[in-house]
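Dear colleague,

Please find below the structure I promised to pass on to you, with its sequence. My notes on it follow.

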Amino acid sequence: MARHKVEICGVNTANIKILKNEEMIELFKKKSKGDEEAKNILINGNLKLVLSILKKYNNRCDNLDDLFQVGCVGLIKAIDNFDLSHEVRFSTYAVPMITGEIKRYLRDNNPLRISRSIKDIAYKTLKLKEQLMDINGNYPTNAEIADILGVSEYDIISALESLKDPISMYEPIYNDGGDTIYLFDQIAAKTDDYELDTKISLDKALNSLKKRERYILDQRYIIGKTQMEIALELGISQAQISRIEKNAITHIKKKVK
């Protein structure tokens, strides 16, 4: 079977040698004695490991060469820190280090700059979710995490949203075999649909809602809570929450028309 030539950073991937486990053990023994040539052979013999990991991330970076170089940095770190006494295969040890290096690069080069404080809240939230899941057997609500971290529930939701990758306006979202529909096709033009009189009508409609109706809509569509979460908080049934929400939306529609 013919091998296809793909060049990344000037490296012909079709000619990359794959080392056997026994070969790597001998090379690591030589490297531990200061043999730089053994280290170079280990690097070149594991480049396909980097390439296999890149497959998961090549749609998140415009320059595959950059991503490959970052993966190689992770590979070199893994080679420098690997210890044969751990009695694990090198690939088992190296994959998390290479993946971590790539993820760090993608995060730090995100086109949307997110403040460190927001990122910290997001990572603390994810860590707490896992810890409390292990302890209680179920994931905590955003409200519970907000209480532990001493921030608002809105801060928790915003922080988690900041971890999501931005989507291009030209991202195709539907194709039935004919014309492709792109994301920007679904974004309403402000001048057409949100004129000043509509905004004023909407504001008046919201202000005319009962306090509980407004609270439920805020919690559902701004904070992002489920009907069940609000029901538990207010001490009423989910069916009641659903009815109040539906009536409030119907009221707003009548006022805005």
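In which helix is the place of K31? The model is a predicted one, and in it K31 has its place in helix α1. This lysine is buried and yet has no salt bridge, since the nearest side chain of opposite charge, that of D80, is 4.5 Å away, whereas a salt bridge is counted only within 4 Å. Leaving out residues up to four places away in sequence, K31 touches A38, K39, L42, I79 and D80.

As for the protein as a whole, its secondary structure comes to 13 helices and 4 strands, and 29% of its 257 residues count as buried. Among contacts with a separation of 6 or more, 53% are made by residues 24 or more positions apart.

The largest nonpolar core has 28 residues, of which L75, F90, I98 and I102 touch the most other members. Two or more residues of this core come from each of the elements α1 (21–31), α2 (36–44), α3 (47–54), α4 (64–81) and α5 (90–108), and α4 gives the most, with 7 residues. A second core, separate from this one, has 7 residues and includes I121, L128, A146 and I156. To return to I98, its contacts, once neighbours within four places in sequence are set aside, are L49, V50, I53, G71, G74 and L75.

L67 also lies in helix α4, and it counts as buried because its relative accessibility is 0%, the cut-off being under 20%. The C-alpha atom of L67 is separated by 8.5 Å from that of Y57, although the two residues are 10 residues apart along the chain.

Finally, I looked at helix α13, which covers residues 238–256. At 1.5 Å a residue, its 19 residues should span 27 Å, and the end C-alpha atoms are indeed 27 Å apart, so the expected and modelled values agree. Buried residues in α13 are I241, I244, E245, A248 and I252; seen down the helix axis, the buried residues fall within an arc of 100 degrees, and they therefore line one face of the helix. An α-helix has 3.6 residues a turn, which means that residues three or four places apart point the same way. On the face of α13 turned away from the buried side are the exposed residues A239, K246, K253 and K254.

With best wishes

How values were computed: Residues numbered from 1 in each chain as written. Predicted model: local features only at pLDDT ≥ 70, side-chain atom pairs only at ≥ 80, totals over all residues. Heavy atoms only, no water. Core = buried A, V, L, I, M, F, W, Y, C linked by side-chain atoms within 4.5 Å. Buried < 20%, exposed > 50% of the residue type's maximum accessible area, 1.4 Å probe, protein only. Contact = heavy atoms within 4.5 Å. Expected span 1.5 Å × (residues − 1). Arc of directions from axis to C-beta. Lys, Arg positive; Asp, Glu negative; His and termini not counted.
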